[in-house]
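Here are my notes for someone opening this structure for the first time. Please read them with the model on screen.

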Amino acid sequence: MTLQQGRCEACRKDAPRATPEERSLWGQELPHWTVEQEHGVDQLVRVFTFGNFSQALDFTLRVGQMADEQNHHPSILTEWGKVTVRWWTHVLGGLHRNDYICAAKSELLYA
């Protein structure tokens, strides 16, 4: 099963973070995403580009709807012609399989 077909699970404080091996494997399905650290927390990040603000806003709304369906929510910055999406698991202070699933689903929404 690909990440795009996955479903987020309820994340508990004692859930395991993604291992380096998992991050490497799942990252192969997400070549446009990078792992960046913000405030000491690893986050999956991608900037999506658009031709105007309306397209960027429409994408933001679709990512938000998917996030609600998955019960896993990103940080989203919407600007003229681009949307920056950051996924990480707040309760873990790092990356979990859920973040990779939602990043893959974000890719589907952009395609």
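1. Helix crossing. This is a predicted model. Start with the helices: α2 and α3 cross in the right-handed sense. Their packing angle is about 140 degrees, and the axes lie 10 Å apart. Helix α2 covers residues 53-70, and α3 covers residues 97-110.

2. Who makes that contact. From α2 come F59, R62, V63, M66 and Q70. From α3 come C102, K105, S106, L109 and Y110. Sorted by class, the contact of α2 with α3 holds 6 nonpolar, 2 polar and 2 charged residues.

3. The sheet. Now turn to the strands. They form an open sheet of 4, in the order β1-β2-β4-β3, with antiparallel pairing. The edges are β1 (34-38) and β3 (75-79), each paired on one side only. On average, neighbouring strands are turned by 30 degrees against each other, direction ignored.

4. Helix on sheet. Helix α3 also packs on the sheet, where it touches β1, β2 and β4. The direction of α3 makes about 0 degrees with that of β2.

5. Strand pairs. Follow the order across the sheet. Strands β1 and β2 (residues 41-49) run antiparallel and are joined by 5 bridges. Q37 has D42 of β2 as its bridge partner. Next, β2 and β4 pair over 6 bridges, again in the antiparallel sense. Here L44 is partnered by W87 in β4. Last, 5 bridges join β3 to β4, and these two run antiparallel. In this pair, E79 stands opposite K82 of β4.

6. The β3-β4 hairpin. How many residues lie between the strands of this hairpin? There are 2. G81 in this hairpin takes a positive phi near 80 degrees.

7. Is β4 buried or exposed? Of its 6 residues, 5 are buried, so β4 is largely enclosed by the rest of the structure.

8. The core. The largest nonpolar core has 25 residues. L30, W33, L44, W87 and Y100 have the most contacts inside this core. Two of these names are familiar: L44 and W87 are also bridge partners. The elements giving two or more residues to the core are β2, α2, β4 and α3.

9. L30 up close. Set aside residues up to four places away in sequence. L30 then touches L3, L44, Y100, A103, A104 and E107. Among these, L44 and Y100 are listed with L30 for the most contacts inside the core.

10. T60. This residue sits in helix α2. Why does T60 count as buried? Its relative accessibility is 14%, and the cut-off for buried is under 20%. Neighbours within four places in sequence aside, T60 is in contact with I76, T78 and V83. I76 and T78 fall in β3 (75-79), and V83 falls in β4 (82-87).

11. H32. Where is H32 placed? It lies in the loop between α1 (20-27) and β1. With a relative accessible area of 51%, H32 is exposed; the cut-off for exposed is over 50%. Even so, H32 touches V45, R46 and E107, not counting residues up to four places away in sequence. E107 is also among the residues that L30 touches.

12. A distance to check. H32 and P74 are 42 residues apart along the chain. Their C-alpha atoms are separated by 17 Å.

Methods
Residues are numbered from 1 along each chain as its sequence is written. This is a predicted model: local features need pLDDT of at least 70, side-chain atom pairs count only at pLDDT 80 or more; totals for chains, interfaces and linings use all residues. Side-chain values use heavy atoms; hydrogens and water are left out. Two strands pair if DSSP finds at least two bridges between them. Axes are lines fitted to C-alpha atoms, for helices over the stretch in contact, and angles run from 0 to 180 degrees between N-to-C directions. Contact means heavy atoms within 4.5 Å. A crossing is left-handed if the near helix is turned anticlockwise from the far one by less than a right angle, and right-handed if clockwise. Ala, Val, Leu, Ile, Met, Phe, Trp, Tyr, Cys and Pro count as nonpolar, Asp, Glu, Lys and Arg as charged, and the others, Gly among them, as polar. A nonpolar core is a set of buried Ala, Val, Leu, Ile, Met, Phe, Trp, Tyr and Cys residues joined through side-chain atoms within 4.5 Å. Buried means under 20% relative accessible area, exposed over 50%, partly exposed in between (1.4 Å probe, protein chains only).
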